Structures are given as structure tokens and as C-alpha cells.
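Work through the exercises below with the predicted model open beside you. Each one sets a task and then gives a solution that goes step by step.

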Amino acid sequence: MTALTPHHPAPDAISAPLVLALPKGRILAECAPLLTRAGIVPEADYTDENSRRLRFHTSAPDLDVIRVRSFDVATFVAFGAADIGICGGDVLMEFDYPEIYAPLDLNIGACRIAVAEPADEAGTTDFTRLSRVRVASKYPNTTRRHFAARGIQAEIVALNGAMELAPGLGLSRLIVDLVQTGSTLVANGLVETEVIAHVTSRLIVNRTALKTRPEAISGWIARFRAALAAP
């Protein structure tokens, strides 16, 4: 569990617009209808991946949005740089920030954190006899916890992409990665052998912001809850 220095907003920050952190990429597109139903219409270029702007005003005068890497949303919210955010459950599992409250499952971005290995070796390893295994992953904490629960020490090869190349090039025996359809695994001669967790994206909130601006934060939680219930 990661402990952070408590964030205490300045007095003028109490009246400043709230900041909603959104992840770049696939989830940004998936959350668009939900944002619209919640009454949030950002400036037009916020979906433009070529735009160099990262902060945008919205149709709600009390809310700005920022567009950051999916893995960074939780950190922006935990440290108080953003008040609320939309974050994948995989990221929440990896960092386990106590400063974050996740009140709503948004039912978007469904995928799973899975263990995969070369298809021609699948099922040949007796994990009950292993004490150590090398795993390529961008989820070192999640991976270590998973294998530690089985009495295995996971040696992590930290990669942020091209994970599927690792076993074939001798970098690791296994990989732990985020899987949606599994087609990339198949294309690279790998097979999914174990699901660590099924995850979706959640609405997350900075706990200090919830205490210092309870009406504003609670109001947005209610709007997202209503947006989820809308047909």
C-alpha cells in the first residue's frame, strides 16, 4: 500500500473548478457517451490525440478535464492534482492508493489481467514445484502478490509494451498483461493460462477533496450514478 503526504488545498482552490482526470486511448472513447449523459461536454479537441493541450474546459463551469496516460490517472487523483477520475481496475489494483475512494463501477473498459505463456509449453509447468519464476509485466505489484500467494517468488522484468515478445526472445518464462480479446496473444504464439482478475473502469475520488468539497464532489458522483442508470 502506498502512503502519500496528505494534500491540503489552498483556500482559493476551494472555489476553483474541480479537475476530472480521463485516460487517453480506448477508454477515452468508451466513456464519451457516459460523460454526455452526465452533462459533461469538453472542448472539441480533447479527443484529438494530436492536440498538445492536456487540460480542457467543459460545458460545466465548475469542472475541467485533463487527459493523461491511463496508468497516471490514479496518481493524479491520489496526490490531489485531480479531484476525480476515471480509472481502470487494473491500475487501482497495482497501486492500491489509500487516498482513493472508488464509489462507482462504470461498466466500461471490461478486460482482464491474465497470465500467459508460449502455446507449445502451456500446461507443462508444475507450479507447485517452483520457488521462483521470471515474469514480464507492467504490473509488478499485482504480479508479485499473485505468485506470492502460491509460494512462488516472481522476478519481474518491467516492460511497458510489446510484452508478448518476451517469452519468445528468452526474456521471461511468462507474462502478466491486460487482455481484452486475446488476439494479440494468439498472434504471438501465446496462450492465456490463468486470469488474475476481471476489471472494468471506475469513477475514483480523492478522499481529501471529498472532505473539503463534499457538496461538489458528491454532486458529481450523483450525476455519474444517474448517467449510469439512464437508458
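**Exercise 1.** Determine whether strand β11 is enclosed or open to the outside, and identify what surrounds it.

*Solution.* Begin with burial: a residue is taken as buried when its relative accessible area is under 20%. By that cut-off 5 of the 6 residues of β11 are buried, so the strand is largely enclosed by the rest of the structure. Next, look at its partners in the sheet: β4 and β11 pair in the antiparallel sense over 5 bridges, and β5 and β11 pair in the antiparallel sense as well, over 4 bridges. On the β4 side, G85 has I204 of β11 as its bridge partner, while L203 of β11 is the bridge partner of L104 and R202 of β11 stands opposite D105. Finally, consider helix α8, which lies across β1, β3, β4, β5 and β11 and runs at about 25 degrees to β5.

**Exercise 2.** Place β11 within its sheet by finding the order of the strands.

*Solution.* Following the pairings from one strand to the next gives an open sheet of 6 strands in the order β2-β3-β1-β4-β11-β5, with mixed pairing. The edge strands are β2 (55-57) and β5 (100-105), each of which pairs on one side only. From one strand to the next, the twist averages 30 degrees.

**Exercise 3.** Find which elements build the largest nonpolar core, and what L20 touches there.

*Solution.* The largest nonpolar core has 28 residues, and those with the most contacts inside it are L20, L22, L35, I40, I86 and F224. Two or more residues each come from β1 (18-23), α1 (26-30), α2 (32-37), β3 (63-68), β4 (84-88), β11 (201-206) and α8 (214-229). The largest share, 5 residues, is that of α8. Leaving aside residues up to four places away in sequence, L20 touches several residues, including L35, I40, L63, V65, I86 and F224. Apart from this core lies another, of 17 residues, among them V73, C87, Y97 and Y139.

**Exercise 4.** Work out how the buried residues of helix α5 are arranged, and what covers them.

*Solution.* In α5 (residues 140-148), the buried residues are T142, T143, H146 and F147. Seen down the helix axis, the buried residues of α5 fall within an arc of 120 degrees, so they line one face of the helix. As general background, an α-helix has 3.6 residues a turn, so residues three or four places apart point the same way. The cover over the buried residues of α5 includes α4 (89-95), β6 (111-118), β7 (132-137), β8 (153-158), β9 (174-179) and β10 (190-199).

Terms used:
Residues are numbered from 1 along each chain as its sequence is written. This is a predicted model: local features need pLDDT of at least 70, side-chain atom pairs count only at pLDDT 80 or more; totals for chains, interfaces and linings use all residues. Side-chain values use heavy atoms; hydrogens and water are left out. A nonpolar core is a set of buried Ala, Val, Leu, Ile, Met, Phe, Trp, Tyr and Cys residues joined through side-chain atoms within 4.5 Å. Buried means under 20% relative accessible area, exposed over 50%, partly exposed in between (1.4 Å probe, protein chains only). Contact means heavy atoms within 4.5 Å. The arc is that of the directions from the helix axis to the C-beta atoms. Two strands pair if DSSP finds at least two bridges between them. Axes are lines fitted to C-alpha atoms, for helices over the stretch in contact, and angles run from 0 to 180 degrees between N-to-C directions.
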